[in-house]
Structures are given as structure tokens and as C-alpha cells.
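Let's take a stroll through this structure, starting with the whole and working down to a single side chain. Have the model open as you read.

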Amino acid sequence: MTASERASTIWRDSAATFGRQHPPGAAGPHDQVSDDPMGYRLRELFDARTDIVEGDQAATRRHRAKGKLTVRERLDLLLDEGSFHEVEPFRRHRATGFGLEKHRPATDGVVAGWGTVHGQRTFVYAHDSRIFGGALGEAHAQKIHKVQDLALETGCPIVAINDGGGARIQEGVTALAGYGGIFRRQVAASGVIPQISVMVGPCAGGAAYSPALADVVFCVRGTSQMFITGPDVVAAVTGETVTLDELGGADVHSSVSGVATFVTDDEPTCLEEVRYLLAHLPPNNRELPPMMEPGAELPARAEELRRLVPTDPRLPYDMRVIVRSLVDDDDLFELHENWAQNVLCVLGRIRGQVVGIVANQPLVLAGALDIQASEKAARFVSLCDAFNIPLVSLVDVPGFLPGVAQEHAGIIRHGAKLLYAYCNATVPRVQVIVRKAYGGAYIVMDSRGIGADLSFAWPTNEVAVMGAEGAANIVFRREIAAADDPEATRRARIEEYRGELMGPYHAAERGLVDDVIDPADTRAVLAEALTLLRTKHRAVPDRKHGNHPV
Ligand SMILES: CC(=O)SCCNC(=O)CCNC(=O)[C@H](O)C(C)(C)COP(=O)(O)OP(=O)(O)OC[C@H]1O[C@@H](n2cnc3c(N)ncnc32)[C@H](O)[C@@H]1OP(=O)(O)O
């Protein structure tokens, strides 16, 4: 049932029960004291509710002209049918000045409350950009604070549907303080309850730090705009000419800045994806993610994987093929699909259990880890660890990306984020080395050394400090230079290094790989390992918090 259908139902029920004879918003018989005082009060209540649900019709038409859904239509799509309970629908601001005292609409421009998503209680607040452009004033902020507090104290996820102009300019510093209260609560709830931001309109200035603090950010093409300073300020300060969309549109944030985790073409798809994501997350950090039996059991062995990895280690292949072969029902949910594509971060299920898969992608930058990939994977590992989602790491990594630009931009600092996130993770952790696993990047990609519980390798694995060519050129440099035939000596030494230190059983012989497996059995091996590790408990030292390399 849509918001307007629901409003009509309320109207019909109220009209049938209490005899309302006028359309919503028009003058009615409120001033006629009934013989039945409660009947009169109930009629008044239903009339007021109906007016609030329907909102200003002219503003609604202007809103729709922008191709946007109304706030209540959004809630209808997000929540299970009929499950929404609204808080403070009658709230109005008490601000004065700039004509505000004459314009005090109910809700104060934000609809807040709770409902269910797939039966799981979920809190929500949604800006109503028909009222003050969705801008946040003191009363508006206090409503948001209320649902944030309720969500944290009851251990339920919270979804913010953002469509507003940021701090309400006429309310000045009290509006800014309202944002401060939102940010403080978001940080307090971080890692305790899932926090999701949905961007279906503008989000300007400091307000953009609310999605930045969320666990996952959804954007819609043509609708979402996020920026700290708008095009006019950019032009005045830097002289750059840029449109709103070029500056902070959905594609920019999902493929360039990395601010947005998901992007969709329209609002209904976006809200359906939010529901789908929530089906993979527990309501809070004390519970496990929901199990879901696979629709169809996969064949016991994926024999096509035996032929996937090229024998020439310089040739790429698509790591997604392996990921797909592992997850139930070919069903995977990829975060940041268009950003830092050299690493894949995927939520899926293996035999019903939600897992987070981190995988190097040899198709992009040969799978090397750069600054963006390190940040993307670090944030994902941290999300999974916070919400009890086991980690599977599929490794084919030639190293960290070399180059002056990467070094000067701080790849040491950013790479440390991924290292820190893995070392900190206490959830079950299983590593699968598919092919290359070189140097520092091998260590970082959840090696046994940093705490993986179990490590498996395909027979194509090459675990080493670096590739054979690089290693031979360094270790045998003098010998190669002095040789009668330097090229023949180089080739011989490369083969020697490869045979001695890069063989498929080298790491296994030293206990750094638990077993070398047939690629076709990877799903079965992982399913067994994850079942075993469900009861894993790893104690953490008592401390306030670590000093993350943020
Ligand atoms: C901590 C912080 O949030 S600091 C950031 C403060 N906010 C800002 O700097 C953004 C100011 N607003 C804007 O730049 C633009 O309004 C945008 C980009 C958000 C939206 O642009 P448009 O879609 O073209 O909408 P438009 O500008 O017409 O705004 C719609 C209505 O919302 C009002 N509005 C928008 N932002 C605000 C605001 N921050 N405070 C009060 N009213 C606002 C507009 O005055 C307008 O009201 P009206 O319909 O009565 O004329």
C-alpha cells in the first residue's frame, strides 16, 4: 500500500467511523462540539494525521516534478507493509526570525520512527524536502536524536534517508549543534548497530559527514548530490567551473571519491537494495547475521575452476568467477563495485552463512594493492568484524603498487589501514591463496602470520618475498653482471629461485598454508572451515581502543 493509499484508508476509516465530511486540509466541523467529546477528539486526531501524511499538495507537485518520490513513498518501499510507527509527527519548531514564526509545519521536515525490514525492527529517519528544503533545524535534529538513541539502546539498525539542504540557515548555530548531536551519536553507535545512509537528494556542507560516518552509503543517479562546498563556492575560491553532478553526483562518489558504496538508477531499486543489504547484517554486534538456506545446493565440485588460472603468471583472469562459484545461489552483493576495482569486497552466503569475501582482482592493475584498494578493503574488513561476519580472503597479489605518486600519497600509511583491520579482526578468517602472494601484500592479505585461522592454497600458488625475476635480479646481480652470458645466467637463476622458494608446497612445508587443495573443492573446503569456526572465540586485550592508522 502506498503512502497516499494509506492516507486514503485512514481518511476512509475516519470518515466512516467519525463522519468526516470534508476533504483533507479543507475547513471541517472541528469547531462543532459534538455530543460525543471523545468522538470529536478522535475525528480531530484522524483529520490532523491525514493532513500530515498528505502534506502540502503544491509542494508535492514541485517535488515530483524533480522525478523524486515523496518521503512516505520512500518509507513504504523500505519497510515491510504497514509496519511503520512514526514518532513526533506533530512536532513543530519554535524558532523565530526571518518569518519562521509564521511557518511552523508539522514534522518540521523529517519523518522518523521505526518499522520492520524482513521482520527485523529497523529505525529510520527521512528528510522531507517539501518542508524548508529538508533543511535541519533544532526540532528536526531532536527528532533524529530520539530515533538514534532508541536504535542504539534497543540494538536495531538505523537507516537515514537524506534529502535536504543541510543546516537550516535561519536557525543559525542551533542547527549546527543539531548536526553535532547526530555525528556524536553516529560515532557512539559505530560497530554496535548497522547504520545506513541513503542519498536521494542534496547533502551539502557539514551535513555530508553524516553519510561519511555511516557503514554503507547508497546513491541514486541523477538525484544524489554530496559536497562540502557547492559549485558557486568552488568557482569563487578555485576558479573551477563544475556542475552539481560533476562535483558530487552519484557516479563521482561511487567511482572516484569512494564516498558511496552502492549506486542505482532509481529510488525504488535503491531502497530494495537497502532491504537486501539488511538481510545480510545482524541487528547489532551481539548477534549473528541471519542464516538463509540456499535455494539450490551447488554441485559438490566446481571443476571449471581447475582451468581458470592461466599457467603464465603474467596473464590475468576474472576473480569474480571464483567468487561466484563459492556463494550460494550465485547471489553476491558487491560493495564499491566501481571504485578501487583491483580488490573485490563482496557479501554473500556459503551454505547459508553470511561471509565477507575480500579478493584481489588480477583484471585491474594485475591485482596489486594501491591506496584506494587498501582503504576499501580495510573498511570492509572492519565492517565484517564489527558485525560478526566471517572473512574469506582470496589472494592473487603481486604486491603493493609501485610508483612515486603512491609513495608520496602515503601508501605506507594507507596500506597499514588494511593490515590493522585484519590484525584487529576476531571473526573467523580463512585465506585461500589462488596464485601470487608476494611480499608485504601477502602478509597483509590475511596471512597466517597476522592471524588467519586457516589457510589453503591452490596448486598454482606462488608464495614468496617477490616474483622470481625481481628476486634473481637482486640476489644474483653481481653474478649475472660478471657472467659470460648474463641473460642465460639470469634465466637459470630465475628458474632456480622459482624451484627453490616458489614451489606450490614451499609454504605448506613450513606450516604457513594448512593444505594445498584442488581448486574444484574450494567451496566445500570453505564451508567446512566456516562451520568449524562458528564457535571461535579470540580474547582481545583490555584497552580503551587501539590507535588506528586512520
Ligand atoms: C552543517 C551544514 O549543513 S552546512 C551546509 C548548509 N547548507 C548549504 O550550504 C546548502 C544550501 N542550499 C543549497 O545550496 C541548495 O538549496 C541545494 C543545492 C541544497 C538544493 O538546491 P535546489 O534543489 O535547487 O533547491 P532550492 O535551492 O530551491 O531549495 C529548496 C527550498 O529549500 C530551502 N533551503 C535549501 N537549503 C536550505 C537551508 N540550508 N536552510 C534553509 N532553507 C533551505 C530553499 O530556500 C528553498 O526554499 P523555498 O522553496 O521556500 O524557496
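## The big picture

Of the 550 residues in the protein, 52% are buried. What you're looking at is a predicted model, and its secondary structure runs to 21 helices and 17 strands. Along the principal axes, the C-alpha atoms fill a box of roughly 110 × 55 × 45 Å.

Take the contacts with a separation of 6 or more: 73% of them come from residues 24 or more positions apart. As for the outside, the accessible surface of the protein is about 25,000 Å², and carbon and sulfur atoms hold 55% of that.

## How far to trust it

The mean pLDDT of the protein is 92, with 94% of residues at 70 or more. On the global scores, the model gets an ipTM of 0.97 and a pTM of 0.92.

One stretch to treat with care is residues 18-31, where pLDDT stays under 50. The model still gives that stretch 31 contacts beyond four places in sequence.

## A seven-stranded open sheet

Now for the sheet. Seven strands line up in the order β1-β2-β3-β4-β5-β7-β9, making an open sheet with mixed pairing. Why do β1 and β9 each have one side without a neighbour in the sheet? Both β1 (85-87) and β9 (262-264) sit at the edges with a single partner strand apiece, so one side of each is left free of a sheet neighbour. On average, neighbouring strands here are turned by 20 degrees against each other, ignoring direction.

Over at the β9 edge, β7 (residues 216-220) runs parallel to β9, and three bridges join the two. Within this pair, cysteine 219 stands opposite valine 263 of β9.

## Helices on the sheet

Helix α4 (residues 71-78) packs on the sheet, where it touches β1, β2 (110-117), β3 (120-127) and β4 (158-162). The direction of α4 makes about 160 degrees with that of β3.

Helix α11 (residues 267-278) lies across β2, β3, β4, β5 (195-199), β7 and β9. Relative to β7, α11 runs at about 160 degrees.

## A closer look at glutamine 406

Let's finish on one residue. Glutamine 406 belongs to helix α14, which covers residues 404-408. Is glutamine 406 buried or exposed? Its relative accessibility is 15%, so it counts as buried, the cut-off being under 20%.

Which residues does glutamine 406 touch, leaving out those up to four places away in sequence? The partners are Asp370, Ile371, Leu401 and Ile411.

Methods
Residues numbered from 1 in each chain as written. Predicted model: local features only at pLDDT ≥ 70, side-chain atom pairs only at ≥ 80, totals over all residues. Heavy atoms only, no water. Pairing = 2+ DSSP bridges. Helix = DSSP H or I, 4+ residues; strand = E, 2+ residues; numbered from the N terminus. Axes fitted to C-alpha atoms, helices over the stretch in contact; angles between N-to-C directions. Contact = heavy atoms within 4.5 Å. pLDDT = per-residue confidence, 0-100. Buried < 20%, exposed > 50% of the residue type's maximum accessible area, 1.4 Å probe, protein only. Areas by Shrake-Rupley, 256 points an atom, 1.4 Å probe, with all protein chains shown as cover.
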